[in-house]
Amino acid sequence: MTEVEYAISIEQKDPEQALKIYQSITSQEVKSEDESKIKEVETALISMGKFLAKQNKAKDLANLIKSIRPYLGVISKAKASKIVRELVDIFLDMGSSTGLEIPLCLECIEWAKG
């Protein structure tokens with residue numbers, strides 16, 4: 001069982017520990033040639049996004065989207081765009097009216113242009 005699979009399995013029983021595992025995986029330094037590590041971090045990011053949405057933590061999810069930009073610079077632009085798009089979709093599907101929706105989308109558009 002991978003760390004991501006373990007985090008997913010304990011989300012219900014121990015949400016704090018699951019979040020710590022996700023954060024541990026997503027904060028690891030990744031090199032562009034390490035495809036297996038890139039895939040692991042990508043899976044952890046999407047799983048963490050879904051977990052935060054289930055926990056109704058819109059602000060934490062918005063912060064996650066912003067905080068992963070250094071990682072996104074290491075991977076291909078297409079893969080980075082896919083991850084951002086999926087996390088933003090998860091964020092918008094939450095239906096939370098935090099006032100962060102439009103600014104977050106605009107920031108992501110500006111990031112994508114750069």
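The radius of gyration here is taken over C-alpha atoms, and the globule rule we'll hold it against is 2.2 Å times the number of residues to the power 0.38. For 114 residues that rule puts a compact globule near 13 Å, and the protein chain comes in at 14 Å, which agrees. Bear in mind that this is a predicted model, where local features need pLDDT of at least 70, side-chain atom pairs count only at pLDDT 80 or more, and totals for chains, interfaces and linings use all residues. Residues are numbered from 1 along each chain as its sequence is written, and side-chain values use heavy atoms, with hydrogens and water left out.

So what is the chain built from? You'll find seven helices and zero strands (DSSP runs: H or I of at least four residues for helices, E of at least two for strands). The C-alpha trace spans about 35 × 35 × 15 Å along its principal axes. Take the contacts (heavy atoms within 4.5 Å) with a separation of 6 or more: 58% of them join residues 24 or more positions apart.

Buried residues, those under 20% relative accessible area with a 1.4 Å probe and protein chains only, make up 39% of the 114.

Now for the cysteines. How many disulfides does the structure hold? Zero, with a disulfide being a pair of cysteine sulfur atoms within 2.5 Å. The closest cysteine sulfur to that of Cys-105 belongs to Cys-108, and at 6.5 Å it is too far for a bond. Cys-108 is buried, at 9% relative accessible area, while Cys-105 is partly exposed (between 20% and 50%), at 24%.
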